[in-house]
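Okay, thanks for coming, everyone. I'll put the structure up and then talk you through what I found in it.

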Amino acid sequence: MNISKLSVTNILIAINIALYLLCAISSGNFVDIDLETLLDFGAMNGLLVVAKEQWYRVFSAMFLHGGAMHIAMNMISLYIVGRVVEMYFGKVAYIVLYITTGLFGAMVSLYIHTNSVGMGASGAIFGIFGAVVGFALVHRNRMHDEFQEFIKSIGVVLLLNLGIGLA
């Protein structure tokens, strides 16, 4: 198998779904995973991260999701935006963007919601989304038809994430 032909987007989606399934099996609920299970798998909580110095949770939380709607919306968004980022930025830059923006998003979430349990790929997804929007705006004159298609994708991702927020 040629590793250079593997899709980073598909690998990230597979990791997120595999961890979701493990959490769902462990909690005995495939629709809504209980907080104890999520914490056992590495979800964030201010007390655990800061006071107990479990900083790995800032990383692990970006691959965990609390419910079926949460994982579905995030993975659809990742699929839509991730393919574009992978195509224009390359695999290595994509991975760096995903992890960096995911960590940054987790830290912001931890600061704002210190006492809550936090998890999800939203920080990473919005980070790569921001990178590709910036790229598209800078290069819109060279993208032509691709830019129009990208604008449609932006609308879909925004609607999906609005759905996540309302759910």
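**A walk through the helices**

I'd like to begin at a loop, the one between α3 (46-51) and α4 (56-60), because that is where Glu 53 lies. Before anyone asks, this is a predicted model. What caught my eye about Glu 53 is the backbone: phi is positive, about 55°, and the residue is not a glycine. As a reminder, most residues other than glycine have a negative phi. And is Glu 53 buried or exposed? Its relative accessibility is 62%, so Glu 53 counts as exposed, the cut-off being over 50%.

Let me zoom out for a second. The protein has nine helices and zero strands, so if you read along the sequence you just get α-α-α-α-α-α-α-α-α. There are 167 residues, and 40% of them count as buried. As for contacts between residues at least 6 apart in sequence, 70% of these join residues at least 24 apart.

Now, the inside. Here's the usual expectation: in soluble globular proteins, nonpolar side chains tend to be buried together. In this model, the largest nonpolar core has 33 residues, and the ones with the most contacts inside it are Leu 12, Leu 78, Val 81, Tyr 94, Tyr 98 and Ile 128. Which helices supply at least two residues each? Those are α1, α5 (68-89), α6, α7 and α9 (145-166). The biggest giver is α5, with eight residues.

Tyr 94 is a good one to click on if you want to see how this core is put together. Leaving out residues up to four places away in sequence, Tyr 94 touches Val 8, Thr 9, Leu 12, Leu 78, Gly 82, Val 85, Glu 86 and Ile 128. Two of the names on that list, Leu 12 and Leu 78, you just heard among the core residues with the most contacts.

Apart from the largest core lies another one, of six residues, including Met 44, Val 58, Ala 106 and Leu 110. Let's stay with Leu 110, which sits in helix α6. Its relative accessible area is 7%, so Leu 110 is buried. Beyond its neighbours within four places in sequence, Leu 110 is in contact with Met 44, Asn 45, Gly 46, Val 49, Val 50, Trp 55 and Val 58. How far apart are the C-alpha atoms of Leu 110 and Met 44? They are separated by 7.3 Å, with the two positions 66 residues apart along the chain.

Go a little further along and you reach Thr 114, in the loop between α6 and α7. Thr 114 has a relative accessible area of 36%, so this one is partly exposed. Its C-alpha is 6.4 Å from that of Asn 45, and those two are 69 residues apart along the chain. Setting aside neighbours within four places, the contacts of Thr 114 are Asn 45, Gly 46, Leu 47 and Ser 109. So what does its side chain reach? The backbone oxygen of Tyr 111, at 3.2 Å.

There's another serine or threonine example like that, back in helix α1 (residues 8-27), where we find Ser 27. The side chain of Ser 27 reaches the backbone oxygen of Ala 24 at 3.3 Å. Away from its sequence neighbours within four places, Ser 27 is also in contact with Ile 33, Asp 34 and Thr 37.

Okay, the pocket. The largest one holds about 330 Å³ of space. Of the 24 residues lining this pocket, the closest to its centre are Met 44, Gly 105, Ala 106, Ser 109 and Met 119. You'll recognise Met 44 and Ala 106 from the six-residue core. The elements giving two or more residues to the lining are α6 (91-112) and α7 (122-138), and α6 has the largest share, seven residues. What about the classes in that lining? Eleven are nonpolar, 13 are polar, and no charged residues line the pocket.

One last residue: His 70, in helix α5. Is His 70 buried or exposed? With a relative accessible area of 18%, it counts as buried, since the cut-off is under 20%. Not counting neighbours within four places in sequence, His 70 is in contact with Leu 64, His 65, Met 119 and Gly 120. And Met 119, remember, is one of the residues closest to the pocket's centre.

That's my tour, happy to take questions.

How values were computed
Residues are numbered from 1 along each chain as its sequence is written. This is a predicted model: local features need pLDDT of at least 70, side-chain atom pairs count only at pLDDT 80 or more; totals for chains, interfaces and linings use all residues. Side-chain values use heavy atoms; hydrogens and water are left out. On a 1 Å grid over the protein atoms alone, a cavity is a set of points where a 1.4 Å probe fits but cannot get out, and a pocket is an open set with protein on both sides within 12 Å along at least five of seven lines; lining residues have an atom within 4 Å of a point. Grid points are joined across faces, edges and corners, and a volume is the space filled by probe spheres set on the points. Helices (H or I, at least four residues) and strands (E, at least two) are DSSP runs, numbered from the N terminus. Ala, Val, Leu, Ile, Met, Phe, Trp, Tyr, Cys and Pro count as nonpolar, Asp, Glu, Lys and Arg as charged, and the others, Gly among them, as polar. Buried means under 20% relative accessible area, exposed over 50%, partly exposed in between (1.4 Å probe, protein chains only). A polar contact is a pair of N or O atoms within 3.5 Å; within protein, one must be able to donate a hydrogen and the other to accept it, and residues adjacent in sequence count only if both atoms are side-chain atoms. Contact means heavy atoms within 4.5 Å. A nonpolar core is a set of buried Ala, Val, Leu, Ile, Met, Phe, Trp, Tyr and Cys residues joined through side-chain atoms within 4.5 Å.
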